[in-house]
Amino acid sequence: MVDQPLKENQILEVLRTVKDPDLHRDIVSLGFIKNLEIKNGTVKFDIVLTTPACPVKDQLKEECESKIRNLPGVSNVQVTMKAQVKGREGFEKAAVLPGVRNIIAVASGKGGVGKSTVTANLALALRKTGAMVGLLDCDVYGPSMPLMFGLVGKKPGVTEDQKILPLEAHGIRLMSIGFLTGENTPVIWRGPMVHQMIQQFLTRVAWGELDYLLLDLPPGTGDTQLTLTQSAPLSGAVIVTTPQEVSLIDARKGLQMFWKVNVPVLGVIENMSYFVCPDCGKVSEIFKAHGGEKLTQELKVPLIGQIPIDPQITETGDQGTPIVAARPESQTAKIYQMIAGAIAAQMSIVHMKDKETSAPVHIQWKVKQ
Ligand SMILES: Nc1ncnc2c1ncn2[C@@H]1O[C@H](COP(=O)(O)OP(=O)(O)OP(=O)(O)O)[C@@H](O)[C@H]1O
Ligand SMILES: [Mg+2]
């Protein structure tokens, strides 16, 4: 009993040698160690990460366990991995979406590069780690989410205080113009209508508490993007591109749009990067331009992942259960899972930088209620 304070110090000293590889800091100074208890040779503590999607979760746990086990007098180590997702410094003051900790926009310069498919699967991958996830389909011209989540024809409910209740599928809270207008109604919104619609989604939807709200944007840098960057406290953006040079030019424009309004670009996802022959396993790079790689090198943002061309992606998406939910064991689902982890890690890096500089990006979002 007399040694207990000393032992606690000893434990913390050892844990200080364990570094989070993304944040480049030790897990003690990052404040990850909680509820440390030492009793009769048993050492118990929680590691509270900044995201349940942390890609190195298992590695950190193992490293801690083995280092503590090697200490003299320790007979048993019990480490519990937990996570508490935080929002960006200063963002909690935003009146818009107060229960949503991180709003991440998925954008592209060019149409049809796979944004909606990527967004749906990333939402599912984040959910699978235990995070609370919402998805807002911001494509008022061509909403994809009703089909991808098997919700065609479904209508959202309304709360007592007249807010729209998001629909839920596969554990994801969803909102889309498609739920309000019906499948076959042509949506010809002019600029001002788009603005109004997006503002309604931001203020009139009862999202509740969410760790991540993903925004599926229409292509380009039009009215929707303008409204969102002005009205929503975006925590970060992810750019989807295909390897062809032609879409690269547009991706660059998309990326610069976020920079202009100080929204950090968490990285670039290259979609349809290669094809794996289902018979012989041979990998073919159909488009040899390596667009994603070139873009990230040129603009110094991380290439967070490359997704193969996989017919099962389309098949599962069209059937209302995207591949991460329908075939979680497939190689493609694992790639989405890895990308989700990398995005969550990038988001945590942004949070840490906010804290270090104690200068959150300028806050300019204002929404008329
Ligand atoms: N990696 C992939 N392999 C095979 N098919 C894919 C892949 N990614 C997306 N697709 C398919 O490509 C088509 C376009 O994808 P999606 O609708 O996600 O693109 P988008 O960028 O959201 O398009 P838009 O700009 O029109 O919103 C869909 O049929 C989808 O199933
Ligand atoms: Mg889309």
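Tutor: Let's start with a term: a polar contact is a pair of N or O atoms within 3.5 Å. Keep in mind that this is a predicted model.

Student: Which residue has a backbone N or O atom 3.0 Å from a nitrogen atom of ligand 1?

Tutor: Good place to begin! The cut-off for a polar contact is 3.5 Å. The pair at 3.0 Å joins a nitrogen atom of ligand 1 to a backbone N or O atom of Asp310.

Student: And how far is the polar side-chain atom of Ser116 from an oxygen atom of ligand 1?

Tutor: Ser116 is among the closest of the 17 residues that surround ligand 1. Its polar side-chain atom and an oxygen atom of the ligand are separated by 2.8 Å.

Student: How much of the accessible area of ligand 1 does the protein cover?

Tutor: On its own, ligand 1 has 640 Å² of accessible area. Of this, the protein covers 76%.

Student: Are helix 3 and helix 12 roughly parallel or roughly perpendicular to each other?

Tutor: Their axes come within 8 Å and cross at roughly 75°. Angles of 65 to 115 degrees count as roughly perpendicular. Helix 3 and helix 12 are therefore roughly perpendicular.

Key
Residues numbered from 1 in each chain as written. Chains lettered and ligands numbered in written order. Predicted model: local features only at pLDDT ≥ 70, side-chain atom pairs only at ≥ 80, totals over all residues. Heavy atoms only, no water. Axes fitted to C-alpha atoms, helices over the stretch in contact; angles between N-to-C directions. Helix = DSSP H or I, 4+ residues; strand = E, 2+ residues; numbered from the N terminus. Parallel < 35°, antiparallel > 145°, perpendicular 65-115°, else oblique. Near = heavy atom within 4 Å. Polar contact = N/O pair within 3.5 Å; in protein donor to acceptor, adjacent residues only side chain to side chain. Areas by Shrake-Rupley, 256 points an atom, 1.4 Å probe, with all protein chains shown as cover.
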